[in-house]
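Student: Could we go through this structure together, with the reasons behind the labels? I would like to see each value set against its cut-off.

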Amino acid sequence: MNTDITKQALAQSKNLMHPFHGFDMVAHEGPFIIDRAHGMHVYDSEGKGYLDAVGGMWCTQIGTGRKEMADAIAEQVMKCNYSNPFVDNANTAQTALAAKLAELAPGDLNHVFLTCGGSTANEAAFRLVQLYNVYRGKPEKRALICREDAYHGTTLLTSSLGGRAAPNWDESWYLDSDGNNVLDIHKVSSPNYFHHGDGLSEAEFGEKLYQEVVDKIAALGGPDKVAAFLAEPIIGAGGVVPPPANYLKRVWEYCQANDILYWSDEVVTGFGRLGHFFASEAEFGITPDIIISAKGLTSAYAPLGACIFSDKIWNVLAEADQGRIFNMGYTYSGHPISCAAALKNIEIIERENLLEHVHEVGPYFMEQLQTLRDLEIVGDVRGSKLMACVEIVKNNKTMEFLGDEINFAVGHMVGDAAQNHGLIVRAVANMSIMSPPLIITKAEVDEVVAKLRKAIVEVTDILRAEGHLADEAA
Ligand code: PLP
C-alpha cells in the first residue's frame, strides 16, 4: 500500500492544520487524503473510490468535476479575475449575481451583501440587525435569540450564536471573564424531538418551544429589548433537526407582530437541499427579514457567502445624505470568480431541473433510510429530502443511550466502517449525517443505505464483543 501520492501527501500534511483539527485523530490515524473528485464520488490518494453521501460538507450540489463549471470559471479569470469591491465599486459578475439572488429570494429580500462564506455572511447579518435598530433610534433593542444545537459558523461571533454542546466545543466567546453576556446573545431550546420530546405530541412539543421563545422575550424585557430571532429552518450540523410543524411559523408571526427581525440561516437548507433555492417560505411558510446563503450557492466550486435582506432593513440603513458607511468587507468579498461560479451553478440547477429531482429522490432517500430502524442500535432516522441523520443508541427498544465515552465515539466507528465499504458519512458524536449532492439517483440511494446497513451491523458486533451491548438483543 501507500502509493507515492500517499507518501508525499502524508509527509507534507505535517505542515497542515485542519479546520476543527482533531489532534488525536490526526496523530494516531493520519489524515484521510482525497486526491480526486468526480460527480458523487471522491478518490483517496490510494485510488480507492467512495460514494460521498456528505456532498463534501453539505455543498457539492451539482456534483464535482463539471467541465462547464471549469469553463465558466476560466472565462471569468480571463475576463476579470478581480476588481476592487469596496465602497462604491463593483464588477459585472457581482451585480449579475445580486440581481439573480434577489429574484430567487422570497418576499422583499432585494438586497445582497456578498462575503466569503457562511460565517462571514452571518457576521454581516448581525451588524445589519444592530445598525437597523440604532439608526431607527432603538439602540436598546439589541438582544438576539438563537438556539441550542444551532451552528452558524466559527468566527468569534458566529461560534457564540451557535449552541452545540460537546465536551470539546466552546461556545462561550460572548461571555467576558466575569461571565457578562457582552453581545446580548440568548439561547432557547433545541427542537430535537428525539432528545427532548419527553412523550409530548408533536403539536405539544411545538407549543412548548414557541412558548419558550415568547417567555424568553418577556424575560429579556419585552420586544423593545429584542432585535432578532435566528434559526436554521432545519438544524444541520447540530444533528439534522427538523422543527415540529408550525413552530417556526408561529415564532415568525410573533416576530412580525412585535417588530423583531427574523433571520434565517439557510447555508445548508438552501440551494436545493430541500428542493428549493430557499426553503424558509417554500417549506416553512416564513418570509424572513434576512436569509444567509453559502455552500451550495456555488456547489463548492469557489468560496462565497451571501446575506440577503429586506427592503425594510435597507430603507433604514440607506436613508440619504447621512454619510453612512457599512464598515465591513473583505478583499475577497463576492470574489468575481465565485460570483461567476454561482451564476453558472444556478443556471445548471435550473436547466437540469435539479429542484424537481430533489422532490422525487429526497423522499425516497428518507424512506429507504427508515428501513435501518430494524437494526437494534438505530435509535432515530430523521431529516427531510437530502438532509438526513441516523442516530445510534444502545438498544432501540428501550432507547437507552450508550455510555458517554462510547456514545461520543460510535459515530466515528460507523463512519470508519462505512468508509471501508466505500461510503462517506459524517460522524458527529453518535450520529451519521448525510447530505448527498442533488444529482444522487435512486440506485445510488440504495447503495448508500446498503453500505450504511453493513457498517452499522459491523459496529453492533464490535460493541457487543466489547461488552457495550446486552449479550443478545432484548
Ligand atoms: N451556517 C450554517 C447553518 C452552517 O452549516 C455553516 C457551516 O457549516 C455556516 C453557517 C458557516 O459557513 P462557513 O463554514 O462557510 O463559514
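Tutor: Happily; we will take the ligand and then a pocket. This is a predicted model, where local features need pLDDT of at least 70, side-chain atom pairs count only at pLDDT 80 or more, and totals for chains, interfaces and linings use all residues. Residues are numbered from 1 along each chain as its sequence is written, and side-chain values use heavy atoms, with hydrogens and water left out.

Student: What makes the S119 pair with the ligand a polar contact?

Tutor: A polar contact is a pair of N or O atoms within 3.5 Å. A polar side-chain atom of S119 lies 2.5 Å from a ligand oxygen, so this pair qualifies. For G118, a backbone N or O atom is 2.8 Å from an oxygen of the ligand. A polar backbone atom of Y151 is 3.5 Å from a ligand nitrogen.

Student: How much of the ligand does the protein bury?

Tutor: Alone, the ligand exposes 390 Å², and 82% of that is buried by the protein; accessible areas come from the Shrake-Rupley method with a 1.4 Å probe.

Student: Why does G117 count as near the ligand?

Tutor: Near means that a heavy atom of the residue lies within 4 Å. G117 is among the residues surrounding the ligand, so it meets that cut-off.

Student: Which helix gives the most to this shell?

Tutor: Helix α6, residues 118-135, with three residues; a helix is a DSSP run of H or I, at least four residues.

Student: Which residues are closest to the centre of the second largest pocket?

Tutor: They are P85, V87, F113, W314 and F326, of 31 lining residues. By class, that lining has 19 nonpolar, nine polar and three charged residues.

Conventions: A polar contact is a pair of N or O atoms within 3.5 Å; within protein, one must be able to donate a hydrogen and the other to accept it, and residues adjacent in sequence count only if both atoms are side-chain atoms. Helices (H or I, at least four residues) and strands (E, at least two) are DSSP runs, numbered from the N terminus. On a 1 Å grid over the protein atoms alone, a cavity is a set of points where a 1.4 Å probe fits but cannot get out, and a pocket is an open set with protein on both sides within 12 Å along at least five of seven lines; lining residues have an atom within 4 Å of a point. Ala, Val, Leu, Ile, Met, Phe, Trp, Tyr, Cys and Pro count as nonpolar, Asp, Glu, Lys and Arg as charged, and the others, Gly among them, as polar.
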